[in-house]
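This report is for a reader new to the structure. Please look over the sequence and the 3D view before reading on.

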Amino acid sequence: PPSRMVGLVLEFHSRGLLVTGETWPLREQLKAAGGRWDASLKGWIFPFDGKQELIQSLKGEAKFEDKAKVKLALESCQNGLAVTGETFPVKTFLRVQGGSWDAKLKGWTFKSEDQAALAKVLRSCPDVGTVEVQKAKASAAKSSALVVWEGPAASSGGAKQRAVASPARALEDASSS
């Protein structure tokens, strides 16, 4: 074991958890912990959900700069609440918390209506950096999201369509400002 604590940097990469820094003195421990050396990234790749185990296995031997934190957004949706953003690294956590993947939404849905409680649970995850809570207008959030297009029939060939005011437009306008 090294005589001094080595510095390691943890960050999420498209292929998993990337560990860089002073890895040479710990290469055997990193390999034993399930890491794979990636020469092009000059670091070790671990499964996305392996961060806490890795930190525990190297406790006392390494100090960590933990940049492996995801950014999530929390908003109301038709089925309750939706969590979107960098969800892949925390998908196991989201599933354990009762979330269901919604491919159309490209996010996780929760049957809960309690935004504050879900935000607190998400923030309790050590792999979550920020949770941006999208505030919806009370009247818009309670009504159904329906957009009606006003204009000539689709067969008239490419005429411009104009959106009519609706709760969904109010939500879009509120979130884009």
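## Strand pairing

In which sense do strand β6 and strand β10 pair, and over how many bridges? The two strands, β6 at residues 70–77 and β10 at residues 128–133, pair in the parallel sense, and 5 bridges join them. One pair to look for is Val70, whose bridge partner in β10 is Val128. The model shown here is predicted.

Strand β6 also pairs with strand β7, which covers residues 80–85. These two strands run antiparallel and are joined by 6 bridges. Within this pairing, Leu74 has Val83 of β7 as its bridge partner. The pair β6 and β7 makes a hairpin, with 2 residues between the strands. Strand β6 is thus parallel to β10 and antiparallel to β7.

## The two faces of helix α4

Which residues of helix α4 are buried? In this helix, which spans residues 115–124, they are Gln115, Leu118, Ala119 and Leu122. They sit on the same side of α4, because the arc they cover around the axis is only 100 degrees. An α-helix has 3.6 residues a turn, so residues three or four places apart point the same way.

The face turned away from the buried side of α4 carries exposed residues: Ala116, Lys120 and Ser124. On the buried side, the cover over the buried residues of α4 includes β6, β7 and β10. Helix α3, at residues 91–96, and strand β9, at residues 107–110, are also among the elements that cover them. The strands described in the section above therefore appear again here, as part of what covers the buried residues of α4.

## Salt bridges

Side chains of opposite charge can pair when their charged atoms come close. With a cut-off of 4 Å between a side-chain nitrogen of Lys or Arg and a carboxyl oxygen of Asp or Glu, the count comes to 5 salt bridges. One of them is between Lys51 and Asp127, whose closest N and O atoms are 2.9 Å apart. Lys51 belongs to helix α2 (residues 51–57), while Asp127 is in the loop between α4 and β10, so this pair ties together parts that are 76 residues apart in sequence. Are the two partners buried or exposed? Lys51 counts as buried, at 0% relative accessibility, and Asp127 is buried with a relative accessible area of 10%.

Another salt bridge links Asp66 and Lys69, with 3.9 Å between the closest N and O atoms. Here Asp66 is partly exposed at 25% relative accessibility, and Lys69 is partly exposed with a relative accessible area of 34%. Lys51, Asp66, Lys69 and Asp127 are linked in a network of salt bridges. The side chains of Glu65 and Lys67 also meet in a salt bridge, at 3.7 Å from N to O. Lys67 counts as partly exposed, at 46% relative accessibility, and Glu65 is partly exposed as well, with a relative accessible area of 41%.

## The chain as a whole

The protein chain has 6 helices and 12 strands. It holds 177 residues, of which 33% count as buried. Contacts between residues at least 6 apart in sequence were also examined, and 53% of them join residues at least 24 apart. The chain exposes about 11200 Å², and carbon and sulfur atoms supply 54% of that area.

How values were computed. Residues numbered from 1 in each chain as written. Predicted model: local features only at pLDDT ≥ 70, side-chain atom pairs only at ≥ 80, totals over all residues. Heavy atoms only, no water. Pairing = 2+ DSSP bridges. Helix = DSSP H or I, 4+ residues; strand = E, 2+ residues; numbered from the N terminus. Buried < 20%, exposed > 50% of the residue type's maximum accessible area, 1.4 Å probe, protein only. Arc of directions from axis to C-beta. Contact = heavy atoms within 4.5 Å. Areas by Shrake-Rupley, 256 points an atom, 1.4 Å probe, with all protein chains shown as cover.
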